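This report describes the strand pairing and the nonpolar cores of one protein. The sequence and structure are shown first.

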Amino acid sequence: MEKNIIWHKVLDNKNDLPEGRVMTVTAGHKGICLVHYKNKFCTLDNKCPHQGGPLGEGSIEKGMIRCPWHGWDFHPCGGSAEGFDDDLASYELKIEGEAIYVGLE
Ligand code: FES
């Protein structure tokens, strides 16, 4: 069955998120952590699986996203924290012109 995806514009200009940085964006009513890492943009659930810390307020340290609350590390484009198996959801993303869109089902 085809997925019903609704695209939300989350950033007007992708240059507003420099390489190696993360930010919180909103798609619909959902907070999403937007990542720019190694020339790639990707998305993660903005809630840290530990206690729900806002990953979009975190930073990238040594190639991992660090949660601002207690410092758990996550792979920037999805996958588990090191040594833990809490997988973070990620969302569809597309770039049109300069704008970034996130697709939610
Ligand atoms: S809430 Fe993210 S490390 Fe605790």
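Contact means heavy atoms within 4.5 Å. The model is a predicted one, in which local features need pLDDT of at least 70 and side-chain atom pairs count only at pLDDT 80 or more, whereas totals for chains, interfaces and linings use all residues. Residues are numbered from 1 along each chain as its sequence is written, and side-chain values use heavy atoms, with hydrogens and water left out.

**Confidence**

The pLDDT (the predictor's confidence in each residue, from 0 to 100) averages 90 over the protein, and 90% of the residues score at least 70. Strand E1 (residues 6-11) has the highest mean confidence, at 98, and strand E8 (residues 79-80) the lowest, at 54. Strand labels (E, at least two residues) refer to DSSP runs numbered from the N terminus.

**Strand E3 and its partners**

Strand E3 (residues 30-37) is largely enclosed by the rest of the structure, because six of its eight residues are buried. Buried here means under 20% relative accessible area, as against over 50% for exposed and in between for partly exposed, with a 1.4 Å probe and protein chains only. Two strands count as paired if DSSP finds at least two bridges between them. The pairings of E3 with E2 and with E4, together with that of E5 with E6, are listed below.

| Pair | Sense | Bridges | One bridge or opposed pair |
|---|---|---|---|
| E2 (residues 21-27) and E3 | antiparallel | seven | Thr 26 and Gly 31 |
| E3 and E4 (residues 40-45) | antiparallel | six | Ile 32 and Asp 45 |
| E5 and E6 (residues 64-66) | antiparallel | three | Glu 61 and Met 64 |

Two hairpins involve E3. Between E2 and E3 lie two residues, and Gly 28 in that turn has a positive phi of about 65 degrees. The hairpin of E3 and E4 also has two residues between its strands; there Lys 38 has a positive phi of about 50 degrees. Elsewhere along E3, Tyr 37 is opposite Lys 40 of E4.

**Thr 43**

Thr 43 belongs to strand E4. It counts as buried because its relative accessibility is 2%. A polar atom of the Thr 43 side chain lies 2.7 Å from the backbone nitrogen of Tyr 91. Beyond its neighbours within four places in sequence, Thr 43 is in contact with residues including Ile 32, Cys 33 and Leu 34, as well as Ala 89, Ser 90, Leu 93 and Val 102.

**The sheet E5-E6-E7**

Three strands form an open antiparallel sheet in the order E5-E6-E7. E5 (59-61) and E7 (73-74) stand at its edges with a single partner strand each, so one side of each has no neighbour in the sheet.

**Nonpolar cores**

A nonpolar core is a set of buried Ala, Val, Leu, Ile, Met, Phe, Trp, Tyr and Cys residues joined through side-chain atoms within 4.5 Å. The largest has 14 residues, of which Val 22, Cys 33, Val 35, Leu 55, Ile 60, Ile 65 and Phe 74 touch the most other members. E3 and E4 are the elements that give two or more residues to this core, and E3 gives the most, with three.

Not counting residues up to four places away in sequence, Val 35 touches Leu 17, Arg 21, Val 22, Lys 40, Phe 41, Cys 42, Ile 60, Ile 65 and Pro 76. Apart from the largest core lies another, of twelve residues, among them Val 25, Leu 34, Ile 100 and Leu 104.

Key. Helices (H or I, at least four residues) and strands (E, at least two) are DSSP runs, numbered from the N terminus. A polar contact is a pair of N or O atoms within 3.5 Å; within protein, one must be able to donate a hydrogen and the other to accept it, and residues adjacent in sequence count only if both atoms are side-chain atoms.
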